[in-house]
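This report describes the inside of one protein structure for a first-year reader. Please look over the sequence and the model before reading on.

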Amino acid sequence: MLSAKSLFQEILDNDESFRLFCSIAASGESQGGWENARIAALVPPSERALAPKITRHGADEDKHGRIFNALMRKRGLEPVPVPPETDYTLLLEKHGIGLAHEKLKADQPLTVEDIITYLAHSRVTEQRAADQMVMLRKFFADHPQVGNAVKMISNDEDNHLAYTHEELLRFAAAGHGRYIRDALRECALAEIRVYRDVSLAVMAHMGSILGWPKAKSAVLAAGIHAMYAYERLGGWHRMVSLKVPDRRDALGGPATSAPELA
């Protein structure tokens with residue numbers, strides 16, 4: 001029976017598919033670490049109190065990249081180049097979502113609107129990440145090889161999501177509500193398209209590696225298109241709602257390490 005658990009188990013059991021999966025994940029996390037570090041360095045003077053939290057966010061992303069690389073090393077595997085069509089963070093930037101790298105590479109302070117744009121981007125993408133980790137945690141939390149990594153990353157993603165809710169609500173209370181709503185909507189609608197395209201590309205590469213029959217690939221592609229249709233019709237709203245999180249000041253402390261995975 002074709003299920004999310006059986007699909008990920010198949011990817012996990014094959015060295016080449018596992019290596020591609022971890023390489024894609026590590027690249028995206030490392031890119032997120034760089035972006036957050038640059039944003040923290042360019043925070044406007046009025047928001048300097050936010051810089052340590054953005055730094056913590058970036059440190060967590062860097063840690064996740066190291067975790068995926070460590071999982072490969074434990075199996076004697078080296079990273080592979082990430083196919084451009086599977087690069088989620090790069091494709092989001094190409095669609096104008098988040099802060100452009102040209103802006104982050106400059107030395108000019110960001111504006112408050114830039115920080116809100118960053119937080120809106122994070123609110124949407126961290127929802128995706130948190131949802132994915134909930135699924136992986138459900139199936140693989142006790143897995144001897146990846147269980148610890150899944151639980152650690154899942155906890156971090158929940159913290160990141162809580163942080164974006166809390167900070168966006170703070171900005172909304174300061175009078176930026178309309179800008180936040182517009183930024184969230186734009187980001188969510190772009191993200192669901194990018195996620196669909198990346199998912200199709202990743203599944204195509206996995207199918208080639210694992211030798212999936214055409215019928216299986218077709219069923220998976222249909223499922224991805226169906227998910228996009230659901231999200232386009234209204235599922236995207238879960239990515240833009242804001243509520244006071246149960247975890248308050250989730251990024252208020254130092255980043256945690258992962259010595260057992262190094």
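The sections below cover a helix, the nonpolar cores, a cavity, a pocket and a few single residues.

## Basis of the report

The structure is a predicted model. Residue numbers start from 1 along each chain, in the order in which its sequence is written.

## Helix α1 and its buried face

Helix α1 spans residues 4-13, and its buried residues are L7, F8, I11 and L12. Viewed down the axis of α1, these buried residues fall within an arc of 135°, so they line one face of the helix. The general rule behind such a pattern is that an α-helix has 3.6 residues a turn, so residues three or four places apart point the same way.

What covers the buried residues of α1? The cover includes α2 (15-41), α6, α7 and α8 (214-233).

## The nonpolar cores

In soluble globular proteins, nonpolar side chains tend to be buried together. In this model the largest nonpolar core has 50 residues. Within this core, the residues with the most contacts are I39, I54, I115, F171 and M203. Two or more of the core residues come from each of α1, α2, α3 (51-74), α4 (88-94), α6, α7 and α8. Helix α7 provides the largest share, 17 residues.

One of the residues with the most contacts inside the core is I39. If neighbours within four places in sequence are left aside, I39 is in contact with I54, L99, L104, L110, I115 and Y118. Apart from the largest core lies another one, of 19 residues, and L12, F68, A149 and V150 are among them. L12 is also one of the buried residues of α1.

## The cavity

Rolling a probe the size of a water molecule over the atoms shows where empty space is left. How many cavities of 30 Å³ or more does a search of the whole structure find? The search finds one. The volume of the largest cavity is about 210 Å³.

The lining of the largest cavity consists of 15 residues, and those nearest its centre are F18, F21, L136, V146 and V150. At least two lining residues are supplied by each of α1, α2, α3, α6 and α7. By type, the lining divides into 15 nonpolar residues, no polar and no charged. V150, near the centre of this cavity, is also among the residues of the core of 19.

## The second largest pocket

The second largest pocket has a volume of about 240 Å³. It is lined by 13 residues, and the closest to its centre are L161, H165, K243, P245 and D246. Two elements, α6 (112-140) and α7 (147-210), give two or more residues to this lining. Helix α7 gives the most, with four residues. The lining of this pocket is made up of four nonpolar, three polar and six charged residues.

H165, one of the residues closest to the centre of this pocket, lies in helix α7. Is H165 buried or exposed? With a relative accessibility of 8%, H165 counts as buried, because the cut-off for buried is under 20%. Not counting neighbours within four places in sequence, H165 is in contact with R123, S241, L242, K243 and P245. Among these contacts, K243 and P245 are also listed with H165 as closest to the pocket centre. H165 and L242 are 77 residues apart along the chain, while their C-alpha atoms are separated by 5.6 Å.

## Three further residues

L92 lies in helix α4 and is buried, with a relative accessible area of 1%. Leaving out residues up to four places away in sequence, L92 touches I97, H121, T125, E191 and V194. From L92 to H121 the distance is 29 residues in sequence and 9.5 Å in space, C-alpha to C-alpha.

G223 is found in helix α8 and is partly exposed, with a relative accessible area of 38%. G223 and L50 are separated by 173 residues in sequence and by 40 Å in space, C-alpha to C-alpha. D249 is found in the segment after α8 and counts as partly exposed, at 42% relative accessibility. The phi angle of D249 is near 50°, a positive value in a residue other than glycine.

Technical notes. Predicted model: local features only at pLDDT ≥ 70, side-chain atom pairs only at ≥ 80, totals over all residues. Heavy atoms only, no water. 1 Å grid on protein atoms, 1.4 Å probe; cavity = no way out; pocket = protein on both sides within 12 Å on 5 of 7 lines; lining within 4 Å. Points joined across faces, edges and corners; volume = space filled by probe spheres on them. Nonpolar A, V, L, I, M, F, W, Y, C, P; charged D, E, K, R; others polar. Buried < 20%, exposed > 50% of the residue type's maximum accessible area, 1.4 Å probe, protein only. Arc of directions from axis to C-beta. Contact = heavy atoms within 4.5 Å. Core = buried A, V, L, I, M, F, W, Y, C linked by side-chain atoms within 4.5 Å.
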